[in-house]
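Visitor: I would like a tour that explains its own vocabulary as it goes. Could you show me the structure and let me ask how each label was earned?

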Amino acid sequence: MPAPRNRPQPPGPAKVVIALDTATDPQEAVDALFATDNFAAGTLIGQWAAKAMAGKEPIIATLDLAPGITVGAQRHNGFLQGMGLATGLTGTTTDLATAKEVVCAQDTHGDQTEGQTAMENCLSKNANINLVYTINEPAAFGAYTALKNQGKDKDVTIVSVDGGCQGVQGIVDGKIAATSQQYPLKMASMGVEAIVKFAKEGVKPTGYTDTGVTLITDKAQAGVDSKDSTYGLANCWGNK
Amino acid sequence: MSSVQSTALDKRQGFLKIVLASPILGPVAALLLASIFFAFATPRFLSGDNFSLILQQVMVVGVLAIGQTLVIITTGIDLSNGMVMALAGVLIASFAAQKGINPFLSILVGILIAMAFGMLNGALVTGIGLPAFIVTLGTMNIAYALTRIYTTSTITGLPKELTFLGDTFKIGGTAIANGTILMILLYAVTWFVLKYTAAGRSVYAVGDNVEAARLAGIKTNRVLVGVYTFAGLAYGIAALLQVARTGVGDPQAGQTSNLDSITAVVLGGTSLFGGRGSIVGTLIGALIVGVFRNGLQLMGVESTYQVLITGILVIAAVSVDQLTHRK
């Protein structure tokens, strides 16, 4: 029996799709994105490092993620731009920029063991490296172990990105000098709130929401906003 | 006079034959050529400290590859070794640093757990007759999951007994890590066992033709379970080396170690068809990977190209093996 014609039809299932943490390519494939600006995260540690080097000629090793991943390129390129070693970079490329100050660049997949091996080989290549950019804190800890084994941990500055609790502990312990802290839990909660709002009020979330990044360091530099490791530990994600 | 000459010539040809037939000739030549190339390409390659670093960088995969070699000689393959190592490493670190258990007891328990995984692999391969690939794919996932269930955090603050193998001592100004000495000792012992003991010869026999070995009176299942359990022992020791080298218990460790260890075995000239292979070749194979990674990085070659070259080397190695042993 056919349904009566004039019966009101229920509205079709309303849909909303959001992405957390990492942008889809293209970003418009989803309604809304809640993520950290990884380019800004890189820029912050770059700006901090430029001040912290205080006129010393930087000799840099970069311990990167892996080829073709946006997050890795955004942090790396942001760092170089923040350092003032590159200009005109944006967060839209997956190509790693370079500069003459970067004497060694190596993929680590964000892995501690690979970070250590890469740093050892970088030190064989150039024993005068004095600044190490790392894609995340596990890579930073690997770099620290390599430097410590060669008695260079006091002379080399390590900067990183992520700000998980184990990473911030590295700031407390003096292994990492500065890190850009991100807030994955905030990405999740803001995403869920947006969906609840959509379900209740029918307001669709759109565009990109930056969930923020804070520079964590115990060696604050004038002109670069930062918080200390106590703040970092109070706001970090993951197991303490 | 002429007969003396011809005998000498025969001897020389015999020697040449032995050298050419030797499975490690190819790997040794590749390692030497690569080293000579890098020595000319970058002035920093040829130093005692740099070689010592390469040894330290390959020691974990090198010891994993000892177990992998034996398994592959028996026509098997072990995908679980990296994850078993990660599990054992995390447990060793956690027991000693967090639970207050005696460090040596912690190490022993960790190694026993790795051996239990090896024995489980062997039991499933022989008992139910499952392919090693599938069995170890399963135990790889089980070990991975167990590690994550136990902890997702890196374990720090290890007692010095756990990091001793990562410490170095000086020989003529070059810092040598204790762990690399252990690795070389393990290779020497395994080489001796494979070459000069009945158990070692039966590993080859089982790998060459399991039915013939059985008819010759070899208890083939016992040999296979023994091989997988011994491999587990190697993975447990590799776990200790991994912990000592990095100074932490890392639940993320070993994610690509299974393929890295297979790469070392294949580059070392061991046949994936079983029955044929050299443990010394595996050490050379592991060193080839380490030398290329180090040398290319010193030359400033991008990481991606390092991976590309490793891939080409593997294909070249198995092709040479296949062509030289075509029946």
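**A covered helix in chain B**

Guide: Gladly, and let us begin with α12(B), which is mostly covered: 10 of its 11 residues are buried. Please keep in mind that this is a predicted model.

Visitor: Which residues of α12(B) are buried?

Guide: They are Ser257(B), Asn258(B), Asp260(B), Ser261(B), Ile262(B), Thr263(B), Ala264(B), Val265(B), Val266(B) and Leu267(B). A residue earns that word if 20 or more other C-beta atoms lie within 10 Å of its own.

Visitor: What covers the buried residues of α12(B)?

Guide: The cover includes α2 (25-41), α3, α4, α6 (132-150), α13 and α14 of chain B. After the helix comes Gly269(B), with a positive phi near 90 degrees.

Visitor: What makes α4(B) oblique to α12(B)?

Guide: The angle does. Helix α4 (residues 81-97) of chain B packs against helix α12 (residues 257-267) of chain B at about 125 degrees, and their axes are 6 Å apart. Roughly perpendicular covers 65 to 115 degrees and roughly antiparallel needs over 145, so α4(B) is oblique to α12(B).

Visitor: Which residues meet where α4(B) packs on α12(B)?

Guide: From α4(B) come Asn81(B), Gly82(B) and Met85(B), and they meet Ser257(B), Asn258(B) and Ser261(B) of α12(B). By class, the residues of this contact are 1 nonpolar, 5 polar and no charged. Gly is counted among the polar residues and Met among the nonpolar ones.

**Chain B as a whole**

Visitor: Why is chain B called as compact as a globular protein of its length?

Guide: Its radius of gyration is 21 Å, and the globule rule gives 20 Å for 327 residues; the two values are close, so the description applies. Along its principal axes, the C-alpha trace of chain B spans about 75 × 55 × 35 Å. The chain has 14 helices and 2 strands, and buried residues make up 50% of its 327 residues. Of its contacts with a separation of 6 or more, 77% are between residues 24 or more positions apart.

Visitor: How many residues of chain B are in contact with chain A?

Guide: On the chain B side there are 18, in contact with 17 residues of chain A. The elements of chain B giving two or more residues to this side are α3 (48-73), α13 (279-298) and α14 (303-324). By class, the side of chain B that touches chain A has 4 nonpolar, 12 polar and 2 charged residues.

**Two sheets in chain A**

Visitor: What makes β4 and β9 of chain A edge strands?

Guide: Each pairs on one side only. They belong to an open sheet of 6 strands in the order β4-β3-β5-β6-β7-β9 (chain A), with mixed pairing. The twist averages 15 degrees from one strand to the next. Within the sheet, β6(A) and β7(A) run parallel, joined by 4 bridges; Ser160(A) has Thr179(A) as its bridge partner in β7(A). Helix α4 (residues 137-149) of chain A lies across β3, β5, β6 and β7 of chain A, at about 160 degrees to β6(A).

Visitor: How do you know that β2(A) and β8(A) pair?

Guide: Two strands pair if DSSP finds at least two bridges between them. For β2(A) and β8(A) there are 4 bridges, in the parallel sense, so they pair. Leu33(A) stands opposite Tyr208(A) in β8(A). Both strands belong to the open sheet β1-β2-β8 (chain A), whose pairing is parallel.

**Three residues in chain A**

Visitor: Is Asp162(A) buried or exposed?

Guide: Asp162(A) is buried, because 26 other C-beta atoms lie within 10 Å and 20 or more are enough. It lies in strand β6 of chain A, and its phi is positive, near 145 degrees.

Visitor: Why is Ala54(A) counted as exposed?

Guide: Ala54(A) has 7 C-beta neighbours inside 10 Å, and 12 or fewer makes a residue exposed. Ala54(A) is found in the loop between α1 (38-52) and β3 of chain A. Its phi is also positive, near 45 degrees.

Visitor: Why is Ala220(A) called partly exposed?

Guide: Ala220(A) has 16 other C-beta atoms within 10 Å, which falls between 12 and 20, so partly exposed is the right label. Ala220(A) lies in the loop between β9 and α7 (229-234) of chain A. Ala220(A) and Lys51(A) are 169 residues apart in sequence, with 9.6 Å from C-alpha to C-alpha.

Terms used:
Residues numbered from 1 in each chain as written. Chains lettered and ligands numbered in written order. Predicted model: local features only at pLDDT ≥ 70, side-chain atom pairs only at ≥ 80, totals over all residues. Axes fitted to C-alpha atoms, helices over the stretch in contact; angles between N-to-C directions. Parallel < 35°, antiparallel > 145°, perpendicular 65-115°, else oblique. Contact = placed C-beta atoms within 7 Å. Rg over C-alpha atoms; globule rule 2.2 N^0.38 Å.
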